[in-house]
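Biologist: Hi! Could you walk me through this model before I get back to the bench?

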Amino acid sequence: MPASAPLRWDIFCKVIDNFGDAGVCWRLARTLALEHGLRVRLWIDRPATLNALRGGESIAGVDIRPWDANAVPVDPAEVVVEAFGAPVPEPYLAAMARSAQPPVWINLEYLSAENWVEGCHGLPSPHPRLPLIQWFFYPGFTERTGGLLRESDLLVRHRRFLADAGAASLWRRLAIPPPPPGALKLSLFAYETETLAGLSDAWAASTSPIWCAVPENRVSQQLRAWAGAPLAPGDAPFQCGALTLQPLPFVSQDEYDALLWACDLNFVRGEDSFVRAQWAARPFVWQIYRQDEDAHIDKLAAFLARYLDGLAEPAATALRAFHAEWNPSSSHATAQAGLIWPALLASQSDLGAHAQRWRDRLARQADLATTLANFVKSKLK
């Protein structure tokens with residue numbers, strides 16, 4: 001291969017639940033191609049999910065391939081990425097072992113703020129049968145991890161959006177009426193939760209207007225039941241007391257980023273929207289993906305320990321308490337988020353300033369695509 005030829009990367013992605021896995025892999029593939037000049041094949045078992053997230057975007061250097069029993073690649077790239085435990089097909093693995101120079105094989109793990117991640121990041125794992133080494137790569141919140149996905153122009157685009165009153169343009173693109181003047185603007189992207197009805201009641205009873213954008217997602221049916229209204233994309237806003245519920249169509253990743261920028265408080269879930277909420281520098285509430293034996297509670301606690309550091313009281317107490325209600329454990333299955341909401345609302349100013357400081361601190365670290373590309377280079381020397 002000529003020295004000047006860009007490295008070929010294969011990223012393998014299985015969509016486990018909803019859109020997060022596909023979203024992370026698309027952002028990574030796009031950034032590797034656009035900012036690092038790499039050629040990427042993204043093998044995904046649910047291309048339709050990825051197509052919805054891309055919003056029709058096509059990137060030179062990114063080749064999207066359907067990953068099924070009839071489409072198994074056997075020409076390994078120089079770099080192979082297993083995203084979130086998606087194992088490469090056995091024929092491909094055998095071809096990797098036959099290569100004159102085995103590929104750099106990366107196990108891209110899920111994001112975690114737990115301390116042990118720093119000790120495991122970058123460790124090798126020899127294959128038990130084949131002459132191959134897999135390298136663990138952990139996204140994270142410190143310089144001893146792989147960092148977070150962030151395009152090089154993301155913060156510039158964010159500042160331009162705010163300076164140019166980009167929200168007005170966003171509402172036009174989404175074909176929805178603008179929020180009522182003076183309303184607290186929320187976005188709600190969440191898994192099903194028993195506490196949503198009580199929280200909706202609290203919003204409706206608010207003494208000031210609340211506008212909530214609801215992209216079509218897993219809580220939509222719960223909101224329809226609470227409201228007794230269709231709340232389908234294209235429907236008119238639903239009004240109940242102080243609360244306006246605005247159903248949204250499915251939006252691309254870039255439009256979703258803009259929605260986070262335009263809102264005052266964002267409810268996010270999983271990994272991709274969680275990270276993008278932090279880059280938005282707005283207060284947010286994270287709903288972590290539930291795991292067996294309440295393993296998610298430790299992960300949430302680890303993140304909050306980092307995130308709440310430096311946040312003044314009583315804002316830190318309010319945010320911690322609300323997260324406990326929004327992410328119940330098997331031994332704490334109450335539905336009191338509506339009762340805690342006033343304390344969270346009263347802390348909005350402190351939470352906003354803290355979100356900005358947190359974003360600025362994260363922005364001083366290298367982004368995930370860059371750290372991964374540099375790690376690969378170090379293994380090819």
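Modeller: Happy to; we can talk about openings, a helix and a few odd spots in the backbone.
Modeller: This is a predicted model, where local features need pLDDT of at least 70, side-chain atom pairs count only at pLDDT 80 or more, and totals for chains, interfaces and linings use all residues. Residues are numbered from 1 along each chain as its sequence is written, and side-chain values use heavy atoms, with hydrogens and water left out.

Biologist: What volume does the largest pocket have?
Modeller: About 890 Å³. A pocket here is an open set of points on a 1 Å grid over the protein atoms alone, with protein on both sides within 12 Å along at least five of seven lines. The volume is the space filled by probe spheres set on the points, which are joined across faces, edges and corners.

Biologist: And how many residues line the largest pocket?
Modeller: The lining has 40 residues, and Gly20, Tyr110, Tyr191, Gly270 and Glu271 lie nearest the centre. A lining residue has an atom within 4 Å of a point. Helix α1 gives the largest share, 4 residues. By class, the lining divides into 23 nonpolar, 8 polar and 9 charged. Ala, Val, Leu, Ile, Met, Phe, Trp, Tyr, Cys and Pro count as nonpolar, Asp, Glu, Lys and Arg as charged, and the others, Gly among them, as polar.

Biologist: Switching to closed spaces, how many cavities of 30 Å³ or more are there?
Modeller: The search of the whole structure finds 3. A cavity is a set of points where a 1.4 Å probe fits but cannot get out. The largest cavity has a volume of about 90 Å³, and its lining includes Val24, Arg27, Glu271, Asp272 and Leu368. The second largest cavity is about 50 Å³.

Biologist: Which element gives the largest share of the lining of the largest cavity?
Modeller: That's α10, with 3 residues. Helices (H or I, at least four residues) and strands (E, at least two) are DSSP runs, numbered from the N terminus.

Biologist: OK, new topic: how far does α15 reach from its first C-alpha to its last?
Modeller: It spans 19 Å over 13 residues, 368-380, close to the 18 Å expected at 1.5 Å a residue. The expected span is 1.5 Å times one less than the number of residues. At the start of α15, a side-chain oxygen of aspartate 367 comes within 3.2 Å of the backbone nitrogen of alanine 369.

Biologist: Which residues of α15 are buried?
Modeller: Leu368, Ala369, Thr371, Leu372, Ala373, Phe375 and Val376. Buried means under 20% relative accessible area, exposed over 50%, and partly exposed in between (1.4 Å probe, protein chains only). Their cover includes β1, α1, β4, β5 and β7.

Biologist: Now the odd backbone spots. Which peptide bond is cis?
Modeller: The one from glutamate 313 to proline 314 is cis, with omega near 5°. Proline 314 lies in the loop between α11 and α12. Most residues other than glycine have a negative phi, and most peptide bonds are trans.

Biologist: What about phi at alanine 281?
Modeller: Alanine 281 has a positive phi of about 60°, and sits in the loop between α10 and β13. Glutamate 293 also has a positive phi, near 55°.

Biologist: Is glutamate 293 buried or exposed?
Modeller: Glutamate 293 counts as exposed because its relative accessibility is 82%. Alanine 281, in contrast, is buried, with a relative accessible area of 8%.

Technical notes
Contact means heavy atoms within 4.5 Å. A polar contact is a pair of N or O atoms within 3.5 Å; within protein, one must be able to donate a hydrogen and the other to accept it, and residues adjacent in sequence count only if both atoms are side-chain atoms.
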